[in-house]
Amino acid sequence: MAISKADKRDKFLAVFERIREELINHMKSENMPEDAVTWFNENLVYNVPGGKLNRGISVVDTVAILLNRPLTDDEYFKAALLGWCIELLQAFFLVSDDMMDASISRRGQPCWYRVHDVKGLGKVHNIAINDSFMLEGAIYHLLKTHFRRESYYVDLLELFQEVTYKTEMGQLVDLITAPEENIDIRKYNLDKHTFIVRYKTAFYSFYLSVALAMRMCGVPDVYEINGKTIEAYKEADRILIPMGEFFQVQDDYLDYHGTEAEIGKIGTDIVDGKCSWCVCTALTHGTEAQKQLLYENYGKKGADQAVREQAVKDMYNDEQGLNIPRRYEEYQKKAVADINAMIDQVPEPGAHEVGKGNRLRRDAFRAFLSKITDRKA
């Protein structure tokens, strides 16, 4: 019987409770003062389980697809634990990113650094920097506790470390391309946008989930099907990085086009002067007059920033002009078709091999793509 989306989420969240308890018990075993234990618990509860959890649940889904059968309780826990390690990584990135961007809200609540009181212990403010480090540190504590005896333990460590480093590289390029005090959108173009999103988003949001599941299922680096050599992790990269790029373009579009009720945050890309797909597309296809309007209004903060932001949105919305919604629809259609074509090129294992679970399957990629197509948040 197929499990509903809500039940799947609840089952996954139950594992978070186990992990949270384990992390808190570890803090206590280190003789941490009670107020520090309380603070860390709030850090975990506030920042880790609140999102859509797609990245984490995708590890479980991918393991089940690769094994082609329901998971045992132990397999489910291990896959879900790896999923929660990605959610911890995501929380580490978001807590720090919100400080760098001076963001206001996240997932429908104030950003962690803006919380005024943590259980009577005072405001968060710059303590959020250390809190983000602790979220990252928790990943490696959990991996050591639960996977140290597994043959693929070092592979898991390398995956998390490499993907974290790549994400930070993307964040660096993003920050220096759009420095808050000196925004120059003349430096923006679609090629630079592609580089930023591949590094800043695609590796940790897409490749990591599937690669962790592949390692857990024993998918080797190289194998053969019908005389053809398959480099499994390169295949996964070839499909999942463009998928992550598509996801970020959606995110950029929703930041401008979605409401706070829909996306759980107030879109700030225009006011912040972000190197977004929307502005790069406008700069690529706009007339000189349209570009001039962007130079004068994009990323301009101050008393009249709402007026300037609306001027940019009006230009994006102009059906006779730039018409960003139409361009986005065209982009989405082509991106989905291209990704599906790439998935179709993955050689499927024979029936006798599927049961082993250690071969790539197209359904692993299709499941991920179906989660993000036509999303509204």
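**Group meeting: one predicted chain, from fold to two loop residues**

Let me open with contacts. Take pairs in the chain that touch and sit at least 6 apart in sequence: 73% of those contacts join residues at least 24 apart. Keep in mind that this is a predicted model.

Now the overall build. The chain comes to 16 helices and four strands. Its radius of gyration is 22 Å, and the globule rule gives 21 Å for 377 residues, so the chain is as compact as a globular protein of that length. Along the principal axes, the C-alpha trace spans about 60 × 60 × 35 Å.

What share of the 377 residues is buried? The figure is 53%. As for the outside, the accessible surface is about 17,800 Å². Carbon and sulfur atoms account for 51% of that surface.

Charges next. I count 48 positive side chains and 58 negative ones. The centres of the two sets lie 2 Å apart.

Let's go to one helix. Please find α2, residues 34-47. That is 14 residues. From first C-alpha to last, α2 reaches 20 Å, close to the 20 Å expected at 1.5 Å a residue.

Which residues of α2 are buried? They are Val 37, Trp 39, Phe 40, Asn 41, Asn 43, Leu 44, Tyr 46 and Asn 47. Note the asparagines in that list: Asn 41, Asn 43 and Asn 47. And what do the buried residues of α2 pack against? Two of the partners are helices α1, residues 5-29, and α4, residues 73-101. Then there is strand β2, residues 109-110, and helix α5, residues 127-147.

Last topic: backbone angles. Two residues deserve a look.

Start with Lys 119. Its phi is positive, about 50°, although Lys 119 is not a glycine. You will find Lys 119 in the loop between β2 and α5. Those two elements also turned up as packing partners of the buried α2 residues. Is Lys 119 buried or exposed? Exposed: its relative accessible area is 59%, and the cut-off is over 50%.

Now Asn 323. Here too phi is positive, near 50°, in a residue other than glycine. Asn 323 is in the loop between α13, residues 305-317, and α14, residues 324-344. Its relative accessibility is 10%. Buried means under 20%, so Asn 323 counts as buried.

To recap the pair: Lys 119 has its positive phi at an exposed position. Asn 323 has its positive phi at a buried one.

Key: Residues numbered from 1 in each chain as written. Predicted model: local features only at pLDDT ≥ 70, side-chain atom pairs only at ≥ 80, totals over all residues. Heavy atoms only, no water. Expected span 1.5 Å × (residues − 1). Buried < 20%, exposed > 50% of the residue type's maximum accessible area, 1.4 Å probe, protein only. Contact = heavy atoms within 4.5 Å. Rg over C-alpha atoms; globule rule 2.2 N^0.38 Å. Areas by Shrake-Rupley, 256 points an atom, 1.4 Å probe, with all protein chains shown as cover. Lys, Arg positive; Asp, Glu negative; His and termini not counted. Charge placed at Lys NZ, Arg CZ, Asp CG, Glu CD.
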